[in-house]
Amino acid sequence: MTLATHIAIAGALGAPFVGAVPPVALFAFALGSHYLADTVPHYDYKLRYAFNEGPNPPRFNLLDFLIHDCGRVGFDIALGATLAVAALGLENFLAHPLPLFLLGLGSILPDLLSALHAGFPSRFLQWNQDFQDFMHSKKLRWSASAVISQLLILAGALALVRFF
């Protein structure tokens, strides 16, 4: 699932509780929403350097990594944050920046830890990867229907934010 979609889902489900529960509870809630959202079959875009499952992984190139992988992930996070702030309203975000930031961070942290584990395998990060693998549904191949399903999940989450 794209990071933007994870941010939107956590925002949609957690926003009604902002101010009613401690920020750390929202962070934990967002973590849980990530793992649950990944149980839905979905499309994931490919990164060149993290999670490269091909027989001949590319030779690492810092500039290409920064442009392709970091640029793609950065755009995804920025899109999710922008859509969440737009759906929640700028005045609500400015009134509660820390809890809403923690919702966003918690919603994408499992994928960020998985990418870190892919580059720097360690027992410390293995627990997250094991749980991600356990919870993750089948990934859909790139197709129009896979992209449309991802957009529908994103739109549904954003609509839910507006509902509350």
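Me: What pattern does the chain follow, read along the sequence?

Reply: This is a predicted model. Read from start to end, the chain runs α-α-β-α-α-α-α-β-α. That makes seven helices and two strands.

Me: How do I read the overall size, and what radius of gyration does the chain have?

Reply: The radius of gyration is compared with the value for a compact globule of equal length. For 164 residues that value is near 15 Å, and the chain has 16 Å, which agrees. Along the principal axes, the C-alpha atoms fill a box of roughly 50 × 35 × 30 Å.

Me: How many of the residues count as buried?

Reply: A residue is called buried when its relative accessible area is under 20%. In this chain, 38% of the 164 residues count as buried. The chain exposes about 9,600 Å², and carbon and sulfur atoms supply 72% of that area.

Me: Which share of the contacts joins residues at least 24 apart?

Reply: Take the contacts between residues at least 6 apart in sequence; 76% of them join residues at least 24 apart.

Me: Now a single helix. How many residues does H2 have, and how far does it reach?

Reply: A helix can be checked against the span expected at 1.5 Å a residue. Helix H2 covers residues 23-37, which is 15 residues, and reaches 21 Å from its first C-alpha to its last, close to the expected 21 Å.

Me: Which residues of H2 are buried, and what covers them?

Reply: An α-helix has 3.6 residues a turn, so residues three or four places apart point the same way. In H2 the buried residues are Leu 26, Phe 27, Ala 30, Ser 33, His 34, Tyr 35 and Ala 37. Their cover includes helix H1 (3-14), helix H5 (97-119) and helix H6 (123-135).

Me: What is Ala 37 in contact with, beyond its neighbours within four places in sequence?

Reply: Ala 37 is in contact with Met 1, His 6 and Ile 9. Ala 37, Met 1 and Ile 9 also belong to the largest nonpolar core, which has nine residues. The others in that core are Ala 8, Ala 12, Ala 87, Leu 154, Ala 157 and Leu 158. H1 and helix H7 (144-163) each supply at least two residues of this core.

Me: Where does UniProt place the feature "transmembrane region"?

Reply: The unreviewed UniProt entry places it at residues 65-88, 100-120 and 140-161. An annotation like this can be set beside the model. Residues 65-88 are 100% helix and 0% strand, with end C-alpha atoms 33 Å apart. Residues 100-120 are 95% helix and 0% strand, with end C-alpha atoms 29 Å apart.

Key:
Residues are numbered from 1 along each chain as its sequence is written. This is a predicted model: local features need pLDDT of at least 70, side-chain atom pairs count only at pLDDT 80 or more; totals for chains, interfaces and linings use all residues. Side-chain values use heavy atoms; hydrogens and water are left out. Helices (H or I, at least four residues) and strands (E, at least two) are DSSP runs, numbered from the N terminus. The expected span of a helix is 1.5 Å times one less than its number of residues. Buried means under 20% relative accessible area, exposed over 50%, partly exposed in between (1.4 Å probe, protein chains only). Contact means heavy atoms within 4.5 Å. A nonpolar core is a set of buried Ala, Val, Leu, Ile, Met, Phe, Trp, Tyr and Cys residues joined through side-chain atoms within 4.5 Å. UniProt positions are given in the numbering used here, feature names are shortened, and annotations may be inferred rather than shown by experiment. The radius of gyration is taken over C-alpha atoms; the globule rule is 2.2 Å times the number of residues to the power 0.38. Accessible areas come from the Shrake-Rupley method with a 1.4 Å probe; for residues, only the protein chains shown count as cover.
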